[in-house]
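Please open the structure in your viewer and keep the selection tool at hand, as this tour goes from one selection to the next and says what is there at each stop.

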Amino acid sequence: MHDLSSLRKAVIEGEVSASTAAARLALENGVQPLDLMSQGIVPAMAEVGKLFEEGEYFVPELLMSARATKEIFQILRPLLAQTGAQPTAHVVLGTVRGDLHDIGKNLVAAMLEGGGFEVTDLGVDVPPEAFVAAVKKNPVEIVGLSALLTTTMPAMKATIEAFRAAGLRDQVKIMVGGAPITQKYADSIGADGYSESAAATVELARRLTGTCHGVSP
Amino acid sequence: MNDQQWNTLVAAVRGETLRPLPTAFIIDSPWLPNWAGHTILDYFTDDRVFLEDNLRAIRTFPETIFLPGFWSEYGMCTEPSAFGSVSMWGEDEFPFAKKVLHSPSEVERLEKPDPRKNGLLPFVIKRLQHLQPQIEAAGHKIRFAVARGPLNIASFLMGTPEFLEATRTDPELMNRLLDIITDFLVEWVAYQREVFPSIDGIMLLDDIVGFISRRDFEAFGLPYLRRVYSADVAVKFFHNDAPCKASAPLLESAGINLLNFGVQHTLADMKTWTSNRIALVGNVPPRDVLAEGTAEDVKQSVGEILSPIEDRTRLIVSCGGGMPPHAPTENIRALISAVEELTR
């Protein structure tokens, strides 16, 4: 099989054009899109997450690796669709009502995509009913709520209650995160999971969905 | 800040032995108006509310130092507004500055604002000028020129992820952006000093420093901070409550001599990383302990952060960051009295 180490290296180093070039070369050499993901992107982004957790990488490094991954996905998405491969799970993400901060949410989106999840990003200042509407429109396994401000944390609870009121609470796992959020707070509002960092969110999402691989054939 | 408090602050910066250790807190709109029973928007828009809330704080806690003291601010909108950023307000919400640069190349068209005329900056100055007689009648003076730091302003002008990515994809343009912001900041600080001759300190707040590596800090942070802090003042105060292991060893070379940091690091580590040459302001956990804990939790936390510290020079006890929203009076009193008791 074609060696994917140069692709992994390019993703880890956040070299966007080198990453897409390596992905194209791998596909030309017969690597299946699914293998490119599970043996190229997923381990590379896992390494990026590890380096971030260890303090070797900082936010710009994480962002550039995420961008490289995103560009590869642009190439892979139509090919994966042709093979009938499904993402591990579908996640809807957003920063809750009243909160306009996006860096944490963007990092989580990038890490989840790198981990093989399909992500729908609803943006910032997302009201509870918009989260519910998104799930009604396109059923997902996980809803991710982000907040940076202590004043907007209550919107997380309101969003969870909106899912309950809509009769959808049992159909989705809800995970929360952001600077002021703690496990204690997550438990108190009835969230299913809390992650302290963007990198750790991938593992959390896998636990919540009972999956351990990047993509399901 | 009154004369005695200022002298204590300067003594701490100089490394004098102080018993008991001083306490100090950064107080601003996330805590003060709600603590005093007002909405954030009333605090921003009504000079009487601003004065009343600040006077109430200094009279409730006369033993502690409030930094910068009578801080005239409009949250994160203050400096970005001068660059044309739209400010978004809620009755009791933190204001938000909308970005004005939608791609790195737009830096080319960015003009340096005039701090005397642009955005909310004349309002910052006028508020303090109007209230100066009452502030001085209360025994206090305006001691600090205050601004958000260059990286923080850049992140509001562009969006944080966009700015941080652009340091990789368009480093020259980002250096150009930071040059423009720093030219403005130097003038903004000079203008505040010109209007209020009692100013002998500079306070910059920049959490974005905590998101980048040492190498990036050397390229995109240090040279700019150094320029702003090059003014001849006694106290050069920096706030970054995001991680600061990467930047801490370099802060002294920026001219910084007083630092408020977060809860990611211990006082002992920070003393080591700064070679005990910067006075540290910290670091009881602001949210989990000062705002949400009990008075007993606060007392215990003070003991825990101080007990490993043998050399207690250049140390001011505070929380790790600004005063958090909803920190109650009894917990603040508990912190102050625990420090007095433990460091007498």
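## Two helices of chain A

Begin by selecting helix H1 (residues 5–12) of chain A together with H4(A), whose axes come within 7 Å of each other and cross at roughly 135°. Because an angle over 145 degrees would be needed for roughly antiparallel, this crossing makes H1(A) oblique to H4(A). Next, show the side chains where the two helices meet: H1(A) contributes Ala10(A), Val11(A) and Ile12(A), while H4(A) contributes Ser65(A), Ala68(A) and Thr69(A). Sorted by class, this contact of H1(A) with H4(A) consists of four nonpolar and two polar residues, with no charged residues.

## Where chain A meets chain B

Bear in mind, before moving on, that this is a predicted model, for which the predictor gives the complex an ipTM of 0.92 and a pTM of 0.91. If you now select chain B and colour this chain by pLDDT, the mean is 97, and 100% of the residues of chain B reach 70 or more.

With both chains in view, select the residues that touch across them, and you will find 18 residues of chain A in contact with 17 residues of chain B. On the side of chain A that touches chain B, the elements giving two or more residues are helix H4 (59–83) and helix H5 (103–114) of chain A. Which of the elements gives the most to this side of chain A? The answer is H4(A), with five residues. To finish, colour this side of chain A by residue class, where you should see nine nonpolar, seven polar and two charged residues.

Note on methods
Residues numbered from 1 in each chain as written. Chains lettered and ligands numbered in written order. Predicted model: local features only at pLDDT ≥ 70, side-chain atom pairs only at ≥ 80, totals over all residues. pLDDT = per-residue confidence, 0-100. Contact = placed C-beta atoms within 7 Å. Helix = DSSP H or I, 4+ residues; strand = E, 2+ residues; numbered from the N terminus. Nonpolar A, V, L, I, M, F, W, Y, C, P; charged D, E, K, R; others polar. Axes fitted to C-alpha atoms, helices over the stretch in contact; angles between N-to-C directions. Parallel < 35°, antiparallel > 145°, perpendicular 65-115°, else oblique.
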